[in-house]
Amino acid sequence: MREPIYMPKFGLTMTEGLIIEWHKKEGDPVNEGDALLTVQTEKVDADINAPVSGVLIGVQYEAGDEAPVGEIIAYIEK
């Protein structure tokens, strides 16, 4: 089963986030709560953590890419 990872909305006016760095790469095992990537917004840099344990797959955006709020940016295979 695949668990989607979405670009979260950190503020009322946020429409997209800049992916600064992936802390895990595709194929890496992850545990619930692990920091997956860092996202930069207009006001803050924030880590996005794994909602479940599994394997990171289907990375849709690379470091340096901007992703719209609500867009699937990767999956975790449980």
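Okay, the nonpolar core. In this predicted model, the largest one has 19 residues. The members with the most contacts inside that core are Ile5, Met7, Trp22, Leu36, Leu37, Ile73 and Ile76. As for where the core residues come from, strands S2, S4 and S8 each supply at least two of them. You'll know the background here: in soluble globular proteins, nonpolar side chains tend to be buried together.

Let me pick two of those residues. Trp22 sits in strand S2. So is Trp22 buried or exposed? It's buried, because its relative accessible area is 15%, and the cut-off for buried is under 20%. What does Trp22 touch, once you leave aside neighbours within four places in sequence? The list is Leu36, Leu37, Leu56, Val59, Tyr61, Glu62, Ala63, Ile73 and Ala74. Take Leu36 from that list: Trp22 and Leu36 are 14 residues apart in sequence, and their C-alpha atoms are 6.0 Å apart in space. There's a polar side to Trp22 as well, since its side chain reaches the backbone oxygen of Tyr61 at 2.9 Å.

The other one is Met7. Again leaving aside neighbours within four places in sequence, Met7 is in contact with Met14, Gly17, Ile19, Val39, Ala67, Pro68, Val69, Gly70, Glu71 and Ile73. Ile73 turns up among the contacts of Trp22, too.

Now over to strand S4, and Thr38. Thr38 counts as buried, at 12% relative accessibility. What does the side chain of Thr38 make a polar contact with? That would be the side chain of His23, at 2.6 Å. Not counting residues up to four places away in sequence, Thr38 touches Leu18, Ile19, Ile20, Glu21, His23, Asp45, Ala46 and Asp47.

Ala46 is a good one to follow from there. You'll find Ala46 in strand S5, residues 45–49, and at a relative accessible area of 15% Ala46 is buried. With neighbours within four places in sequence left out, the contacts of Ala46 are Phe10, Leu37, Thr38 and Val39. Leu37 is also one of those core residues with the most contacts. For a sense of distance, the C-alpha atoms of Ala46 and Glu26 are separated by 20 Å, with their positions 20 residues apart along the chain. Compare a pair from another part of the chain: Gly11 and Val44 are 33 residues apart along the chain, and their C-alpha atoms are separated by 9.7 Å. Gly11 is in the loop between S1 and S2, and at 30% relative accessibility Gly11 counts as partly exposed.

On to the charges. Side chains of opposite charge can pair when their charged atoms come close. How many salt bridges does a search of the whole structure find? Four, and I'll go through some of them.

One is Glu3 with Lys78, at 3.7 Å from N to O. Why care about where those two sit? Glu3 lies in strand S1, residues 2–6, while Lys78 is in the segment after strand S8, so this pair ties together parts that are 75 residues apart in sequence. Both ends are partly exposed: Glu3 at 23% relative accessibility, Lys78 at 47%.

Another is Lys24 with Asp34, also listed at 3.7 Å, N to O. Lys24 is in the loop between strand S2 and strand S3, and Asp34 in the loop between S3 and strand S4, so here the parts tied together are 10 residues apart in sequence. Lys24 is partly exposed at 23% relative accessibility, and Asp34 is partly exposed at 22%.

Then there's Asp28 with Lys25, at 3.9 Å, N to O. Asp28 is in the loop between S2 and S3. The side chain of Asp28 also reaches the backbone nitrogen of Lys25, at 2.9 Å. Lys25 itself is exposed, with a relative accessible area of 57%. Beyond residues up to four places away in sequence, Asp28 touches Gly54, Val55 and Leu56. Leu56 is on the Trp22 list as well.

Last bit, the rings. How many aromatic pairs does a search of the whole structure find? Zero. There is a charge over a ring, though: Arg2 lies over the face of Tyr75, at 5.4 Å from the ring centre.

Conventions: Residues are numbered from 1 along each chain as its sequence is written. This is a predicted model: local features need pLDDT of at least 70, side-chain atom pairs count only at pLDDT 80 or more; totals for chains, interfaces and linings use all residues. Side-chain values use heavy atoms; hydrogens and water are left out. Rings of Phe, Tyr and Trp (its six-membered ring) pair if their centres lie within 6.5 Å; planes under 30 degrees apart count as stacked, over 60 as edge-to-face and the rest as tilted. A charge sits over a ring if NZ of Lys or CZ of Arg is within 6 Å of the ring centre and within 35 degrees of the ring normal. A salt bridge is a side-chain nitrogen of Lys or Arg within 4 Å of a carboxyl oxygen of Asp or Glu. Helices (H or I, at least four residues) and strands (E, at least two) are DSSP runs, numbered from the N terminus. Buried means under 20% relative accessible area, exposed over 50%, partly exposed in between (1.4 Å probe, protein chains only). A nonpolar core is a set of buried Ala, Val, Leu, Ile, Met, Phe, Trp, Tyr and Cys residues joined through side-chain atoms within 4.5 Å. Contact means heavy atoms within 4.5 Å. A polar contact is a pair of N or O atoms within 3.5 Å; within protein, one must be able to donate a hydrogen and the other to accept it, and residues adjacent in sequence count only if both atoms are side-chain atoms.
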